[in-house]
Amino acid sequence: MLRSVLRSVKLLAVLLALILDCAIRSPRAGVEAAVWAHEWSRRIVKALGVKLRVSGRLPESGAVVSNHLSYLDILVYLSVRPFVMVAKSEVKGWPLLGWITARAGTVYVRRGGGPSTWDGVNRAMAAAYRTGLPVLFFPEGTTTDGESGVLPFRRGLFHSVLN
């Protein structure tokens with residue numbers, strides 16, 4: 001019981017420090033944003049008491065494609081190394097989380113926008129790839145339990161990988 005209370009207090013302190021950092025500093029872009037998100041994710045994952053074991057090496061650049069089991073997997077990836085993150089555009093409008101992701105240099109894409117959005121998405125993704133960091137996205141477009149198989153991929157972001 002005491003351990004969970006202490007972990008909760010530690011997490012709250014880290015989150016308050018993150019909010020303060022966001023309020024003081026301006027939004028970031030490129031590598032600076034990815035490194036900032038990486039450092040904060042490491043602190044949050046540690047405060048949560050999550051123990052990680054990474055097998056193999058993550059790519060140094062290019063695309064990293066993953067299924068999306070929970071919102072914790074975003075923090076886990078970011079705690080291991082800096083990434084440029086890609087999120088659905090709705091996230092930008094979410095209270096607090098949208099504000100934080102904007103400061104982390106997240107690339108936002110409008111899902112289901114069709115051909116009228118492709119040029120903008122391709123430009124944003126090209127800029128993300130030019131950072132030299134891996135770009136992480138979840139093409140299923142939602143979280144799943146992981147037990148019922150992989151959902152169909154939304155193919156739009158794969159076009160940016162090929163360009």
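These legends go with a set of close-up views of a predicted model.

**View 1. The whole chain, with six helices and four strands.** Start with the overall run of the predicted protein chain: from the N terminus on, its elements go α-α-β-α-β-α-β-α-β-α. Of the 163 residues in the chain, 36% are buried. Take the contacts between residues at least 6 apart in sequence, and 65% of them turn out to join residues at least 24 apart. On the outside, the chain exposes about 9,800 Å², with carbon and sulfur atoms supplying 60% of that.

**View 2. The open sheet, four strands in the order β1-β4-β2-β3.** The pairing here is parallel. At the edges sit β1 (63-65) and β3 (107-109), each of which pairs on one side only. Going from one strand to the next, the twist averages 25°. Helix α5 (residues 115-130) packs on this sheet and touches β1, β2, β3 and β4 (135-137). The direction of α5 makes about 130° with that of β4.

**View 3. Strand β2 and its two partners, β3 and β4.** Here we zoom in on β2, which covers residues 84-88. Towards β3, three bridges do the joining, and the two strands run parallel. Look for Lys88, which stands opposite Val109 in β3. Towards β4 there are two bridges, again with the strands running parallel. On that side, Val84 stands opposite Val135 in β4. Why call β2 largely enclosed by the rest of the structure? Because four of its five residues are buried.

**View 4. Helix α5, seen along with the residue just after it.** The buried residues in α5 are Thr117, Val121, Met125, Ala128 and Tyr129. How does the length of α5 compare with what its 16 residues should span? At 1.5 Å a residue the helix should span 22 Å, and its end C-alpha atoms are 23 Å apart, so the two agree. Just past the end of α5 comes Gly132, with a positive phi of about 85°.

**View 5. Helix α1 and what it packs against.** The 23 residues of α1 should span 33 Å at 1.5 Å a residue, and the end C-alpha atoms are indeed 33 Å apart. Buried in this helix are Leu11, Val14, Leu18, Asp21 and Cys22. Those buried residues pack against α2 and α4.

**View 6. Asp21, a buried residue of α1.** Is Asp21, in helix α1, buried or exposed? Its relative accessibility is 10%, and the cut-off for buried is under 20%, so Asp21 counts as buried. Which residues does Asp21 contact, leaving aside neighbours within four places in sequence? They are Arg28, Trp36 and Trp40.

**View 7. The largest nonpolar core, with 18 residues.** The members that touch the most other members are Leu18, Trp36, Tyr77, Phe83, Met85 and Leu136. Three helices, α1 (2-24), α2 (30-48) and α3 (72-80), are the elements that give two or more residues to this core. The largest share, five residues, comes from α2. Apart from this core lies another one of 13 residues, among them Val86, Val121, Ala128 and Val135.

**View 8. Met85 and the residues around it.** Met85 is one of the core residues that touch the most other members. Set aside its neighbours within four places in sequence, and Met85 is in contact with Ile74, Leu78, Thr106, Val107, Leu136 and Phe138. Thr101 belongs in this frame too: the C-alpha atoms of Met85 and Thr101 are separated by 8.7 Å, though the two residues are 16 apart along the chain.

**View 9. Thr101, a residue of helix α4.** Helix α4 spans residues 97-103. With a relative accessible area of 14%, Thr101 comes in under the 20% cut-off, so this residue is buried. Not counting residues up to four places away in sequence, Thr101 touches Val91, Thr106 and Tyr108. Thr106 also turns up on the contact list of Met85.

Technical notes. Residues are numbered from 1 along each chain as its sequence is written. This is a predicted model: local features need pLDDT of at least 70, side-chain atom pairs count only at pLDDT 80 or more; totals for chains, interfaces and linings use all residues. Side-chain values use heavy atoms; hydrogens and water are left out. Two strands pair if DSSP finds at least two bridges between them. Axes are lines fitted to C-alpha atoms, for helices over the stretch in contact, and angles run from 0 to 180 degrees between N-to-C directions. Contact means heavy atoms within 4.5 Å. Buried means under 20% relative accessible area, exposed over 50%, partly exposed in between (1.4 Å probe, protein chains only). Accessible areas come from the Shrake-Rupley method with a 1.4 Å probe; for residues, only the protein chains shown count as cover. A nonpolar core is a set of buried Ala, Val, Leu, Ile, Met, Phe, Trp, Tyr and Cys residues joined through side-chain atoms within 4.5 Å. The expected span of a helix is 1.5 Å times one less than its number of residues.
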